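This report is meant for a reader who is meeting the structure for the first time. It takes up the enclosed spaces, the nonpolar cores, one helix and the salt bridges in turn.

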Amino acid sequence: MKRRWLTIDLTAGQVEVRAVGPREALRGGRWRTVRELLDRGAPGVDPLGADNPIVVAVGPFAGSSYSNANRVSVGTKSPLTGTVKEANSGGTLGYALGQLGLAGFTLLGAARDWVVLVLGPDGVRFEDAAPYLGLGSYAAAERLWNDHPKAASLGFVGPVAEYGGLLSGFVIPDADGQPGRLAARGGVGAVFAAKRVKAMVVEKGAAPDFVGDAAFKQAMRAYAKALLASDGVKRYTTVGTAGMGDFQNMMGGLPVRNFSRGRLAEGENPLGGEALRRLILQRDGEGATAHACMPGCVIRCSNKVPDAQGRVVVSPLEYETLGLVGSNLGFDDLDAVAHINRLANDLGVDTIELGATLGVAMDAGLGAWGSLDFVERVVEALRTGSEEGRRYAQGAARLGRALGHGRVPVVRDQGISAYDPRVVEGTGVTYMTTPQGADHTAGNVARLNPGEKSLEELMDLSFAAQVDAAASDALGLCIFGGSVTYAQKDAVMEAATRAAGLDEPLTAADFDRLGREVLAMELEFNRAAGHPEVAPLPRFMYEEPLPPRHLTSRLDPAALAGFWKRLER
């Protein structure tokens with residue numbers, strides 16, 4: 001397959017097209033984003049200045065039906081953390097880019113006026129974005145679909161991004177065309193807005209040549225069969241990511257009321273996967289307990305949550321959202337959290353950062369725990385961009401500093417996701433060491449009892465998880481297939497070789513090498529940007545015991561200082 005890379009100079013309105021060879025196609029996704037950022041000197045730029053590139057990249061499988069392999073990576077220097085950032089997402093954009101023969105593109109400079117970029121078989125068109133400004137995600141998506149009948153997928157920013165809000169992500173539609181997927185973390189939406197890119201439209205293309213290869217089709221079927229036989233995947237299909245809520249409630253690692261408690265309820269979590277599955281099945285209608293967010297995925301970990309009349313409120317409702325804008329804000333009602341999730345999607349904001357920010361506000365006394373009225377008031381302020389809204393739009397760390405409030409759950413100024421590191425220690429090591437900031441997807445180690453492993457063992461587990469996650473991101477693979485991907489790395493790399501068009505055979509060692517290369521480049525970026533290799537957890541997590549286990553964190557930054565020497569082994 002012939003792949004292309006686009007370099008789009010927004011200032012000049014010019015597009016450079018170059019061919020992408022097999023070896024470069026293999027090193028896609030997160031590998032390509034950080035490599036491009038380093039080559040363009042991004043560590044030294046102002047994150048919201050015109051010199052900060054945005055890199056969008058897919059993996060070698062993009063455009064095929066290889067399961068869970070059409071994720072898209074968005075890379076830039078984060079205005080939230082000041083570090084390297086790769087925010088990735090499922091949905092349809094990666095598939096559409098692959099079908100158009102694109103390995104990705106780089107956005108340089110800034111447009112004079114707001115634009116919509118239309119990527120089609122004949123090149124790139126620059127269209128006026130004025131009709132879409134100020135619209136929420138659902139209205140913007142509907143209008144973009146209607147105005148572009150040849151579209152296969154979209155990507156756009158919401159109203160919070162338009163005024164530079166650091167809660168903002170990049171919105172991508174799912175397989176139903178609904179704007180429920182975001183490359184959410186790190187304020188990447190604000191960088192698109194700084195470049196005055198409101199949206200992009202990817203027009204329909206053709207299936208890549210490699211999908212017709214008999215050996216590739218056989219590999220694709222074998223991988224899907226293994227996924228369907230995996231107990232871990234079956235759990236995702238049954239209860240989705242929300243099943244983690246049941247586990248963390250039991251373990252005492254759930255975020256409750258600004259990370260002041262680790263368990264929402266004795267017994268079943270009312271915001272857990274089992275409760276959510278029952279609600280969807282009882283209401284029936286348009287709801288679904290299993291749903292594929294991207295073409296070809298057999299895991300189907302997504303869901304569609306209906307209201308009492310059976311009409312879909314939001315898709316999906318995931319564990320991190322249930323944790324951060326649910327239990328973390330004092331809610332225990334699924335309908336309330338689904339409603340907040342839809343509001344967040346319409347704003348185009350990261351539910352993790354939004355929940356962390358609102359949790360700080362409630363903890364500081366600005367709103368009552370479990371107050372939907374308070375949340376809706378803040379959402380309206382965010383939508384209009386009022387003075388109050390702009391204060392919340394800058395994220396948990398900045399709001400905490402403005403309020404002089406000490407209990408702020410962030411690492412590298414990014415909100416901690418729904419795993420309290422006083423209990424979920426392996427993920428805590430990842431929060432502290434990943435160049436990405438407090439991001440569980442960089443290497444989640446979620447199923448250990450606290451104290452079960454030594455610090456050295458925790459570091460080894462976190463490092464292995466970070467290597468696997470980085471390699472998966474480079475290949476465009478969703479980590480929810482990890483139970484099969486990481487057990488069959490040789491087979492996955494053989495399939496990736498065929499998809500990329502490489503003649504040489506690749507093995508599990510190449511999978512690991514790919515992940516290590518990503519991490520080494522991200523460390524290089526952060527060092528050049530002046531950031532330490534290890535960042536501490538919030539001080540209150542070292543001082544306040546977390547009920548019900550009454551633990552403080554033992555993850556001392558000094559003890560973790562040698563973490564990245566593992567790259568040299």
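## Cavities

In sorting residues by class, Ala, Val, Leu, Ile, Met, Phe, Trp, Tyr, Cys and Pro count as nonpolar, Asp, Glu, Lys and Arg count as charged, and the others, Gly among them, count as polar. With these classes, the lining of the largest cavity is made up of 6 nonpolar, 2 polar and 4 charged residues. The structure shown is a predicted model, and each value below is computed from it.

The count of cavities of 30 Å³ or more comes to 7, and the largest of them has a volume of about 50 Å³. Its lining consists of R3, W5, V20, E24, A25, R27, G28, R32, V58, G59, P60 and A103. Two elements, β1 (3-9) and α1 (22-26), each supply at least two residues of that lining.

## Helix α2

One residue of the cavity lining, R32, is also listed among the buried residues of helix α2. This helix, which covers residues 29-39, is mostly covered, since 9 of its 11 residues are buried. The buried residues are G29, R30, W31, R32, T33, V34, E36, L37 and L38, a list that includes charged as well as nonpolar side chains under the classes given above. Just after α2, G41 takes a positive phi of about 70 degrees.

## Nonpolar cores

In soluble globular proteins, nonpolar side chains tend to be buried together. In this model the largest nonpolar core has 135 residues, and those with the most contacts inside it are Y66, L382 and L475. Helix α18, which runs over residues 455-475, gives the most to this core, with 9 residues. Apart from it lies another core, of 50 residues, among them I54, A96, A111 and A140.

Which residues does Y66 touch, not counting residues up to four places away in sequence? They are F61, F216, A219, M220, Y223, L477, V492 and A495. For a buried residue in a helix, one can turn to V379, which lies in helix α14 and counts as buried because its relative accessible area is 4%, against a cut-off of under 20%. Leaving aside neighbours within four places in sequence, V379 is in contact with L343 and L347. The C-alpha atoms of V379 and F247, which are 132 residues apart along the chain, are separated by 30 Å.

## The second largest pocket

Y66 appears again in the lining of the second largest pocket, together with A215, Q218, A219, A222, Y223, Q488, A491, V492, E494, A495 and R498. About 160 Å³ of space lies in this pocket, and the elements that give two or more residues to its lining are α7 (214-229) and α20. By class, the lining has 8 nonpolar, 2 polar and 2 charged residues. Among the lining residues, A219, Y223, V492 and A495 are also residues that Y66 touches.

## Salt bridges

The structure holds 39 salt bridges. In one of them E504 pairs with R23, the closest N and O atoms being 2.4 Å apart. This pair links distant parts of the chain, for E504 is in the loop between α20 (489-500) and α21 (508-528) while R23 is in helix α1, 481 residues apart. Both partners count as partly exposed, with E504 at 34% relative accessibility and R23 at 40%.

Another salt bridge joins E388 and R377, with the closest N and O atoms 2.7 Å apart. Because E388 lies in helix α15 (residues 387-392) and R377 in helix α14 (residues 372-384), the pair ties together parts that are 11 residues apart in sequence. E388 counts as partly exposed at 24% relative accessibility, and R377 counts as partly exposed at 42%. In a further pair, the side chains of R407 and E544 meet at 3.0 Å, N to O. R407 lies in the loop between α16 (396-403) and β16 (410-411) and E544 in the segment after α22 (539-543), so this salt bridge ties together parts that are 137 residues apart in sequence. Here R407 counts as buried, at 12% relative accessibility, whereas E544 is partly exposed, with a relative accessible area of 29%. Finally, salt bridges that share partners join E456, D460, R566 and R569 into one network.

Notes: Residues numbered from 1 in each chain as written. Predicted model: local features only at pLDDT ≥ 70, side-chain atom pairs only at ≥ 80, totals over all residues. Heavy atoms only, no water. 1 Å grid on protein atoms, 1.4 Å probe; cavity = no way out; pocket = protein on both sides within 12 Å on 5 of 7 lines; lining within 4 Å. Points joined across faces, edges and corners; volume = space filled by probe spheres on them. Helix = DSSP H or I, 4+ residues; strand = E, 2+ residues; numbered from the N terminus. Salt bridge = Lys/Arg side-chain N within 4 Å of Asp/Glu carboxyl O. Buried < 20%, exposed > 50% of the residue type's maximum accessible area, 1.4 Å probe, protein only. Core = buried A, V, L, I, M, F, W, Y, C linked by side-chain atoms within 4.5 Å. Contact = heavy atoms within 4.5 Å.
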